[in-house]
Amino acid sequence: MKKMENRKLAILLSGRGSNFIAIYDAIKRGDLEAEICCVISNIENAQGLNRAREFGLTSICLPSRGIEREEYDRMLVKTLRSYNPALICMAGFMRILSPEILKEYPSRILNIHPALLPSFPGLHAQRQALQYGVKISGCTVHLADAGVDTGPIVLQRAVEVMENDTEETLSARILEQEHQIYWRAIAQVLDKMQDEQDSKNILGFVRE
Ligand code: GRF
């Protein structure tokens, strides 16, 4: 089947960047057919941004401190546009998106969250799960919308909560699964976009 031409990913991160590295590794291994066109961080010394530089990827710091949300997102959109990503992957990007960016990339922004949404959105999802006493938690990749960890779910993985789990041990087991599902979810969404494009081409419509 003819592959969709644009399989470029823009990565947005604020911290450690282990999910970004898992995506990068999946591409390197040939498991995910995609290309990282840029890595953008709102935090100057984010570990993930340093790794992106080491990998020789286009690495951009757009500091968000002191900038109003809409204005920041307008800057972000301007930067993103110049790299023409097919998909935007939030990988530990600690910001809520405004309509400025959502309207520019409808259904094209992914996020990963360390809980089985819609349970435990927001910060410290693993701590919330332990405090609630659930026996199963996990992780979710979903399309981002204007809410906090809301939007259509693409993939989930369940992780059993053990009797003696701490926030650290549970987080570590969930993170292993995050690294397994994010690139698979990206592949699914890119393939779906390609199918839509193919069917539009058949009908004589051309996607912009
Ligand atoms: C992950 O747990 C992710 O689910 C959440 O933020 C964390 C980012 O970790 N959104 P990393 O920076 O990818 O290592």
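Leaving aside its neighbours within four places in sequence, which residues is Phe-20 in contact with? The legends below start there and then move through the rest of this predicted model.

**Close-up 1. Phe-20 and its contacts.**
Let's begin with one side chain and its surroundings. Beyond the four places on either side in sequence, Phe-20 is in contact with Ile-11, Leu-13, Ile-36, Val-39, Gly-48, Arg-51, Ala-52, Phe-55, Leu-57 and Ala-91. Phe-20 is also listed with Leu-9, Ile-11, Leu-32, Val-39, Tyr-182 and Ile-186 as the residues with the most contacts inside the largest nonpolar core.

**Close-up 2. The nonpolar cores.**
The largest nonpolar core holds 39 residues. Helix α6, covering residues 167-202, gives the most to this core, with 11 residues. A second core, separate from that one, has 20 residues, including Cys-37, Ile-40, Leu-62 and Phe-93.

**Close-up 3. The open sheet.**
Follow the seven strands across this open sheet and you will meet them in the order β3-β2-β1-β4-β5-β6-β7, with mixed pairing. Why do β3 and β7 each have one side left without a neighbour in the sheet? Both β3 (59-61) and β7 (153-160) stand at the edges with a single partner strand each, so one side of each has no neighbour there. On average, neighbouring strands of this sheet are turned by 20° against each other, direction ignored.

**Close-up 4. Strands β1 and β4, with helix α1.**
Here is one pair of strands from that sheet. Strand β1 (residues 8-13) and strand β4 (residues 87-90) run parallel and are joined by four bridges. Look for Leu-12, whose bridge partner in β4 is Met-90. Helix α1 (residues 18-29) packs on the sheet, where α1 touches β1, β2 (35-41) and β5 (109-113). The direction of α1 makes about 165° with that of β2.

**Close-up 5. Asn-19 in helix α1.**
Is Asn-19 buried or exposed? Asn-19, which lies in helix α1, has a relative accessibility of 7%, so Asn-19 counts as buried, the cut-off being under 20%. Not counting residues up to four places away in sequence, Asn-19 touches Ala-91, Ile-112, Leu-175, Glu-178, His-179 and Tyr-182.

**Close-up 6. The largest pocket.**
Now for some empty space: the largest pocket has a volume of about 860 Å³. Its lining is made of 36 residues, and Gly-92, Met-94, Ile-112, Pro-114 and Leu-123 lie nearest its centre. The elements α1, β5, α5 (125-132) and α6 are those that give two or more residues to this lining. Of the elements, α6 gives the most to the lining, with six residues.

Conventions. Residues numbered from 1 in each chain as written. Predicted model: local features only at pLDDT ≥ 70, side-chain atom pairs only at ≥ 80, totals over all residues. Heavy atoms only, no water. Pairing = 2+ DSSP bridges. Axes fitted to C-alpha atoms, helices over the stretch in contact; angles between N-to-C directions. Contact = heavy atoms within 4.5 Å. Core = buried A, V, L, I, M, F, W, Y, C linked by side-chain atoms within 4.5 Å. Buried < 20%, exposed > 50% of the residue type's maximum accessible area, 1.4 Å probe, protein only. 1 Å grid on protein atoms, 1.4 Å probe; cavity = no way out; pocket = protein on both sides within 12 Å on 5 of 7 lines; lining within 4 Å. Points joined across faces, edges and corners; volume = space filled by probe spheres on them.
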